Amino acid sequence: MKFNFFKYQGTGNDFIILDIRKKKIPVCIPALFTKLCNRNFGIGADGIILIKNDFQSDFYMKYYNSDGKESTMCGNGGRCAISFSKKLGIKKKNKIYFRAIDGIHYGIIKDKNLICINLIDIEINMIKIYPKYIFLNTGSPHHVLFVENIQKIDVNKQGRKIRFQSPYEEDGVNVNFVEVIGNNTIKVRTYERGVEKETLSCGTGVTASAIAAYEKGILAYYNHVYGKVLAYTLGGKLWISFKKIHDKYKEINLTGSVKFIFEGYINI
């Protein structure tokens, strides 16, 4: 069976997108997805996005990492799915609503390449601050460390060590190394579980890094409640904005570039 695929990238985080609203995949998904994501013997990608029908929203986004396993929310993947929805003709209004494993999200196509996604609210009591790191979940779990010279960090070596350590052994964690370089500006490098290496950017990772910086008091609020951060990653710039209202971080938005790379057919 021939199956049409589309490849997108969001600040260097790249994905293979399959529209399965009308056509199902008839084979073992983990083995197939691992093969497709392989950069030597397949198409090459950090993950796979399936676009499915959904009765609660415009579509359902199901995400798999390059290891072939279904994963948690992917911020850059969600932004790519929003852009892809325009190609499918799903976009008929200003906001696109879609459902993922962690609930309903909405997205806005600001211009041809700039895509904004709204992420889940975060309860402050679920943010764990330790002497050497911060843990929080922005749709995916993140371990955040603040460093002084991010260029010298061996992200793959150090990230892999933390990813498998206690208390993360069973499910693992994404590991973010963060350097504050100015007023409300950070650099972030991320080791992603499931990809098992450093990626060029991680959407939920930069979001976690920005909120962690505010929780530690490293960055300052506008008007006491509004936060806005520019994050530099290896794949480009991302903007994170949010409000801290009572016991929650709300209105969390992640904005950055998305580009369609190519489309083709695979034999399944």
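Hi everyone. Let me begin with a definition: two strands count as a pair here if DSSP finds at least two bridges between them. Keep that in mind as we look at this structure, which is a predicted model.

With that in hand, let's start at strands β9 and β10. They form a hairpin, and four residues sit between them. β9 covers residues 128-129, and its pairing with β10 is antiparallel, over two bridges. If you'd like one bridge to find on screen, go to Lys128, whose partner in β10 is Phe135.

Now follow the chain onward. β10 also pairs with β11, residues 141-146, again in the antiparallel sense, this time over four bridges. Here Asn137 stands opposite Pro141 of β11. This hairpin has three residues between its strands, and Gly139 takes a positive phi near 110°.

So which side chains of β10 are buried? The strand spans residues 134-137, and its side chains alternate. Ile134 and Leu136 point to one face and are buried, whereas Phe135 and Asn137 point to the other face and are not.

Please keep your eye on Leu136. The largest nonpolar core has 49 residues, and Leu136 and Tyr249 are the ones that touch the most other members. The element that gives the most to this core is helix α4, residues 203-215, with seven residues. Setting aside residues up to four places away in sequence, Leu136 touches Ile122, Ile127, Pro141, His142, Val144, Ala208, Ile211 and Ala212. There is also a second, separate core of 15 residues, and Ile20, Ile25, Leu32 and Leu50 are among them. As general background, nonpolar side chains in soluble globular proteins tend to be buried together.

On to the empty space. How many cavities of 30 Å³ or more does the structure hold? There are two. The largest has about 90 Å³ of space. Its lining is made of 15 residues, and those nearest its centre are Tyr63, Met73, Ser140, Asn174 and Glu192. β4, residues 59-65, and α4 are the elements that give two or more residues to this lining. By class, the lining of the largest cavity has four nonpolar, nine polar and two charged residues.

The second largest cavity has a volume of about 40 Å³. Around this one you'll find Met61, Tyr63, Glu70, Ser71, Thr72, Met73, Cys74, Ala100 and Ile101. That lining divides into six nonpolar, two polar and one charged.

Before I stop, two single residues that I'd like you to look at. Tyr97 belongs to strand β5, residues 95-100. Is Tyr97 buried or partly exposed? Its relative accessible area is 33%, and because partly exposed runs from 20% to 50%, Tyr97 is partly exposed. Ser57 is 40 residues away along the chain, yet the C-alpha atoms of Tyr97 and Ser57 are separated by 5.4 Å. Beyond neighbours within four places in sequence, Tyr97 is in contact with Ser57, Asp58, Phe59, Ile104, His105 and Tyr106.

The other residue is Thr185, in strand β13, residues 185-192. With a relative accessible area of 16%, Thr185 falls under the 20% cut-off, so it is buried. Leaving out neighbours within four places, its contacts are Glu179, Val180, Leu230 and Tyr232.

That's my tour. Thanks for listening, and I'm happy to go back to any view.

Note on methods
Residues numbered from 1 in each chain as written. Predicted model: local features only at pLDDT ≥ 70, side-chain atom pairs only at ≥ 80, totals over all residues. Heavy atoms only, no water. Buried < 20%, exposed > 50% of the residue type's maximum accessible area, 1.4 Å probe, protein only. Core = buried A, V, L, I, M, F, W, Y, C linked by side-chain atoms within 4.5 Å. Contact = heavy atoms within 4.5 Å. 1 Å grid on protein atoms, 1.4 Å probe; cavity = no way out; pocket = protein on both sides within 12 Å on 5 of 7 lines; lining within 4 Å. Points joined across faces, edges and corners; volume = space filled by probe spheres on them. Nonpolar A, V, L, I, M, F, W, Y, C, P; charged D, E, K, R; others polar.
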